[in-house]
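Here is a short briefing to read with the model open beside you. Take it topic by topic, and turn the structure as you go.

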Amino acid sequence: MVEEEKCIGCQTEVTLETINEYENLKKENNALKEKLSKYKLDMEVFREDNSKTLHFTGLPTWQLLFCLYDFAKDYLDNGLVLNGFQKLLLTLMRMKLNLYGTDLSYRFGGISDSTVSRNYNHVLDVLHTCLKPLIRWPERDELKKTLPLDFRKHCPNCAVIIDCF
C-alpha cells in the first residue's frame with residue numbers, strides 16, 4: 001500500500017503595491033541605519049576628524065588617538081557591549097569633558113553605570129601600565145633651575161608646582 005504524501009502550501013497575493021511598499025521601507029531602513037552610524041561613538045567616526053577628536057578626547061589629532069589605542073589595544077579586550085577603542089574613548093571623554101557615568105552610559109548605547117565605572121577604572125590601569133615607562137621625572141636640581149624666582153626665594157624646599165587650573 002502506498003501512502004500519499006501530504007503537501008502543505010501557502011498562497012499569498014503579492015501585489016505591485018506591496019512590493020513597492022517593501023522596497024520603500026527597505027530604502028528608508030538603510031537610510032536611517034546610515035544616519036545613525038554617523039552618531040555612533042566608534043573608530044570610524046573619529047577617523048580623519050581632528051576637530052571631533054580634540055573636542056571629545058583632548059588629543060590634537062585622530063592619528064595620535066589611534067596611536068594611543070594601538071599602543072594599548074593588547075590590554076583593552078573587546079567586551080560584549082564595548083570594543084577596546086570604545087573603552088579608551090569612554091575613558092578619555094570622561095577625563096576631558098568631566099562627564100558623569102550616567103551621561104556616558106546613554107552615549108554608549110545604554111550600558112549600565114557600573115559598566116562605565118568598571119571600564120573607566122580598567123582603562124586607567126592599562127594606560128598607567130603602558131605609559132609609565134614614557135614618563136621621565138627630572139632630578140631635583142633640574143627642577144629647581146626651572147622654578148620661578150619667587151618660589152626659589154620664598155619656598156626653597158619646593159620642587160615642583162602642580163597647577164590644577
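Which residues are exposed on the other side of α7? They are Arg-118, Asp-125 and Thr-129, and the buried side of α7 is described further down. Please keep in mind that this is a predicted model. The chain has 165 residues, and 26% of them count as buried. Its secondary structure comes to nine helices and zero strands.

**Overall layout**

- From the N terminus on, every element in the run α-α-α-α-α-α-α-α-α is a helix.
- Taking contacts between residues at least 6 apart in sequence, 42% join residues at least 24 apart.

**The nonpolar core**

- The largest nonpolar core holds 27 residues, and those touching the most other members are Phe-46, Leu-88, Leu-90, Met-93 and Phe-108.
- Two or more residues of this core come from each of α2 (43-46), α4 (62-72), α5 (84-97) and α7 (113-131).
- As general background, nonpolar side chains in soluble globular proteins tend to be buried together.
- Phe-46 is a good residue to click on: beyond four places in sequence, it touches Leu-41, Lys-52, Thr-53, Phe-56, Trp-62, Leu-65, Phe-85 and Leu-89.

**Helix α7**

- The 19 residues of α7 should span 27 Å at 1.5 Å a residue, and the C-alpha atoms at its ends are 27 Å apart, so the two values agree.
- Buried in α7 are Thr-115, Val-116, Asn-119, Tyr-120, Val-123, Val-126, Leu-127 and Cys-130.
- These buried residues lie on the same side of α7, because the arc they cover around the axis is only 135°.
- The cover over the buried residues of α7 includes α4, α5 and α6 (101-107).
- Asn-119, which sits in helix α7, counts as buried because its relative accessibility is 10%, under the 20% cut-off.
- Apart from neighbours within four places in sequence, Asn-119 is in contact with Leu-82, Lys-87 and Thr-91.
- Tyr-120 has a charged partner: the charged end of Arg-94 sits over the Tyr-120 ring, 4.7 Å from the ring centre.

**Helix α4**

- In α4 the buried residues are Trp-62, Leu-65, Leu-68, Tyr-69 and Ala-72.
- Viewed down the axis of α4, these residues fall within an arc of 120°, so they line one face of the helix.
- Helices α2, α3, α5 and α7 are what the buried residues of α4 pack against.
- The general rule behind such patterns is that an α-helix has 3.6 residues a turn, so residues three or four places apart point the same way.

**Aromatic rings**

- How many aromatic pairs are there? The count comes to four.
- In one of them, the ring centres of Phe-66 and Tyr-69 are 6.3 Å apart and the planes stand at 50°, so this pair is tilted; the tilted class lies between stacked, under 30 degrees, and edge-to-face, over 60.
- Phe-66 and Tyr-69 are three residues apart in helix α4, which means that about one helical turn separates them.
- Is Tyr-69 buried or exposed? Tyr-69 is buried, at a relative accessible area of 13%, whereas Phe-66 is partly exposed at 32%.
- Through ring pairs, Phe-46, Phe-56, Phe-66, Tyr-69 and Phe-85 are linked into a cluster.

**Loop residues to look at**

- Glu-48 has a positive phi of about 65° although it is not a glycine. You will find Glu-48 in the loop between α2 and α3 (50-57), where it counts as exposed at 61% relative accessibility.
- Asn-98 is another non-glycine residue with a positive phi, near 55°. Asn-98 belongs to the loop between α5 and α6 and counts as exposed, with 64% relative accessibility.
- Gly-110 lies in the loop between α6 and α7. Its relative accessible area is 54%, so Gly-110 is exposed.
- Gly-110 and Val-81 are 29 residues apart in sequence, while their C-alpha atoms are 9.7 Å apart in space.

Notes: Residues numbered from 1 in each chain as written. Predicted model: local features only at pLDDT ≥ 70, side-chain atom pairs only at ≥ 80, totals over all residues. Heavy atoms only, no water. Core = buried A, V, L, I, M, F, W, Y, C linked by side-chain atoms within 4.5 Å. Buried < 20%, exposed > 50% of the residue type's maximum accessible area, 1.4 Å probe, protein only. Helix = DSSP H or I, 4+ residues; strand = E, 2+ residues; numbered from the N terminus. Contact = heavy atoms within 4.5 Å. Expected span 1.5 Å × (residues − 1). Arc of directions from axis to C-beta. Phe/Tyr/Trp six-rings, centres within 6.5 Å; stacked < 30°, edge-to-face > 60°. Lys NZ or Arg CZ within 6 Å of the ring centre and 35° of its normal.
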